[in-house]
Structures are given as structure tokens and as C-alpha cells.
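Here are my notes on the model, as numbered points. Please read them with the structure open.

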Amino acid sequence: MSRLQRIGEMTPERSSPLRISIIDGSAGLRLLLASIIKTRYPDASLEVIDPFSQTMRGASFLFGTRGDVIIMGGLGTRKDTLDAIARLTGREDCAPIIMLGANELTRLPDEFIAAGAFDVLRKDALSSKRLYRSIDGAVAAARGTGTDSMPIAGAVDATPRQPDTAAGFGEFVFAWQGNRTAVEIDGYRFLSRLASGPHAEVFFAEHIDRHDQVVIKMFTDAPLSNIGAVSAICARQHLLGGCQSANIVRTIDTGVTSGFLYVVMEYLVLGDLRRRMKNDLDSAASLTIMAGILDALIAFHALGLVHADLKPESVFFRPDNSVVLIDFDIATPAGQSVDGSRAAKSGKALGTPVYVSPEQGAGMPIETTADIYSAGIILTELLTGDVPFSGDTPAQVIFRHIHDEIPLLPLRIRHLQPLIDQMLAKQPADRFQSAAAAKHALLTFLPVPPRDAVL
């Protein structure tokens, strides 16, 4: 194990928040770096700088004083980069510099290390885990001497040196806007494509060394040049990255590759609810599954988000049959409208029409009660084998959500009608006002709580 890896696995004892300067010519990359850093170090003080908006001769003012880390890239040519490193390291109080460079500049990092950089990372295949490891190593270098804070517990030699070798980069080529695009993810080998859509490319992959199987989603509608899309995805991933619930799909890594944001997620081998619905499920099994979905919504809504595209394909299972939510492409802060431009790209009417709430289908602001409605559609489908509202076009389906009466359940399960009626109430105020309230009502229809049910 390299020195950088050993440092990165330590937990620094810090007497004050980290102070990190981010310097790069790409506004999208600056935004992504800030989001990644705040996810791991929420109390960090960030100084975010566009090096082309001010002159480099003011470096002593631009880059702060007595900081812990400088993350720097996008300065232009090799000479420009070396000059910037020399100017910064000429200061007595210069923090360790993590250098970001394009592939051609990082193939031979010795020159940047010799010039004074602490570490060198590829900015066109940047992994958050690799960045965290480098930041922790730089913090050990900056604070391990005890000059301005408590020493790092168990600190080891953290002097600048040749960076450690990554596990390797797997490559996958796909078509984007008519062009063949090659993407690489640090440490992962692509195995196959799982899905392709207007928002994202989804791949099945494995770790090159550990052989762990994962799912990689690359947001093709959010290149770094699209600041609005990058900002929305970063804000959402920041919330999800801090969520510890087992009911939300676990994020393993995030980063950027070939100008696109990506996220590495756990692979859920048991598959989705649509697969499970192919089996004959009785009403007790259906209610048990819905209790799990409501548990997942309780955790998700605690983030301040509405899923906005809840459907059987976004519900997965763990080996213990607990529910896991995935697919947050149009997740929306409660009280706001779904981003219509992203939904239009997908061909969806602000969501998946047969599962969408009346207010969401009409383009109105939504609250968490919109997900309660979608859950009611799923429950109806679980119980009867069909969705309550359908049509030949998305507009027809949405019209029926808004205007049609809620169908009656078959006589054998008619006792569940009050539950369905309240979940599918046309007005949000008439529905259960929380996933917890819906689950409490649902459990009254189950003779035994679904703790260890085998579905």
C-alpha cells in the first residue's frame, strides 16, 4: 500500500475546519469539485476561483493564506501550469497543491511533482474517492507538523512525491450526439450497457482489483458546460451522498469522465419490483411490499426531495426483502415544479404518465404527497394486476388522473378501498400527508407486521 493510500485511510483529528482553494478555468468543474468536497467535508471553508477572471500576479491575495489544500487545474499549457506552481510554492505559507490536468499532462507527473505539486490527478477521469484520498494526504502534510493545529493522529511521512498508481482505467465507447465518445472510470472495467436514454447512459461494471459489481450512471444531458444541469445534479447528489438510509441506493463514487458527470452505485442483484410483479402476489405480500416502499419514501422525503418518478422500475430489493429506491433523475425539492425541460427530453409528461400525480402532470409545484399518489398507483397495480388510469397518449392518461373517479377494487379486496382512496385523492390535501401516516394506515390491514416476510 502506498503512503498516499495509508494517509487517505486515516481519520484526521482537526481542531478547525478545512480550508481549501479550488482554482480551475471550468465553471462546471469548479461546481462539481465544491459539491464533492462539501459531501465529505461539510464544514470545509472553500475559496472557489476562476483563474482567468483575475491576474495571476495577485496570487498572494487570490489564493488565501495558511490554507490546507489548493486544488488547481485548467490553467492552460504545461508552461502556464509550471509557472503557476512555481509562483505559489514561492510563498512561505503555500498549502499543498493537488494538480488537475488533462490526460496528456498527467501521463508523466514527475515534472509537476518536482515543481512542487503534492499530487497529480486526471481532470478528465476524476474520481471523488481518489480526490478524497489525495486531500487527506495533503491535510496530513499541511497539519501534521502541528504548526497551526493539532497534529494528525498517527501521521506518517506526507512529503510531496510521485503519486500512487490507480487501479487502472476501464474504457467504454458509446455514441453521443452522433459522435463516438470514449469514457473511462478510475478503477472500474465496463461489462455491458444496462440502459440508454435522453438523461443518462447506465452501465454494468466491476472493480478492476476487487471485482465488486456496480452500476455506473453517466449523465449525458449534463456536460460540464451545462452549468444549470450540473448545479441541479450536484445539489441532488450532495443530499443523497449524506443519506445513510439502507432504503436509498448506496453511492460508491462520483466524478467526471470525458466532460460528463457520473455516479457509481451498488448493484442490486435481486432486481426491481417489475420483475417481482411477474409472480402471483397475494394482498398480504402486496401490502408488505408497499410498506417497504413507504419506508423508503420516509427516508427519501427526509432529504427534502420528492422522487417524482416512483414506479416499479425504480423500486429494488435487498436480500432481506427491504426496499431500495433508485432513479432520481427528476427528483425535485418539495414545493417546486419538476424541471420540464429535462422531463420533455425523456418523452415523459413531467414523470412516467401512468404513475404521475394530477398536480405533477399539470406542471404544478409538488409536495411529498405526489409520491404518496404514485405509491397508490403502484399498490393498485400490485393488488389488481393493472394501473387504474391508462390511455393512448400521455395527455389522455394525465387527463384521467385529474378527472376520472378512482376505480373500485375487486370484491375480494374491497376492504382495502379506503386505503387506496386516500392515497389516490385528487387533491394533495386530501391524501395522507406523509409516508409515515400512509404506512401506519396500511399496517392496520395486515394481521402480522411485515418484519420477516418472505415474498
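1. The protein chain exposes about 19,600 Å², and 53% of that area is supplied by carbon and sulfur atoms. Bear in mind that this is a predicted model.

2. Of the 455 residues in the protein chain, 53% are buried. The secondary structure consists of 16 helices and 17 strands.

3. On contacts, take the pairs in the protein chain whose residues are at least 6 apart in sequence: 63% of these contacts join residues at least 24 apart.

4. Helix 13 covers residues 369-384. With 16 residues at 1.5 Å a residue, helix 13 should span 22 Å, and its end C-alpha atoms lie 23 Å apart, so the expected and modelled spans agree.

5. Is helix 13 enclosed or open to the surroundings? Of its 16 residues, 15 are buried, meaning under 20% relative accessible area; helix 13 is therefore largely enclosed by the rest of the structure.

6. Directly after helix 13 comes Gly385, which takes a positive phi of about 90°.

7. At the surface, Tyr267, Val269 and Leu270 make a nonpolar patch of about 240 Å². Val269 sits in the loop between strand 13 (260-266) and helix 9 (273-276). The relative accessible area of Val269 is 53%; the cut-off for exposed is over 50%, so Val269 counts as exposed.

Conventions: Residues are numbered from 1 along each chain as its sequence is written. This is a predicted model: local features need pLDDT of at least 70, side-chain atom pairs count only at pLDDT 80 or more; totals for chains, interfaces and linings use all residues. Side-chain values use heavy atoms; hydrogens and water are left out. Patches are made of residues with over 30% relative accessible area and no salt bridge: like charges are joined within 9 Å, nonpolar side chains (Val, Leu, Ile, Met, Phe, Trp, Tyr) within 5 Å. Accessible areas come from the Shrake-Rupley method with a 1.4 Å probe; for residues, only the protein chains shown count as cover. A salt bridge is a side-chain nitrogen of Lys or Arg within 4 Å of a carboxyl oxygen of Asp or Glu. Helices (H or I, at least four residues) and strands (E, at least two) are DSSP runs, numbered from the N terminus. Buried means under 20% relative accessible area, exposed over 50%, partly exposed in between (1.4 Å probe, protein chains only). Contact means heavy atoms within 4.5 Å. The expected span of a helix is 1.5 Å times one less than its number of residues.
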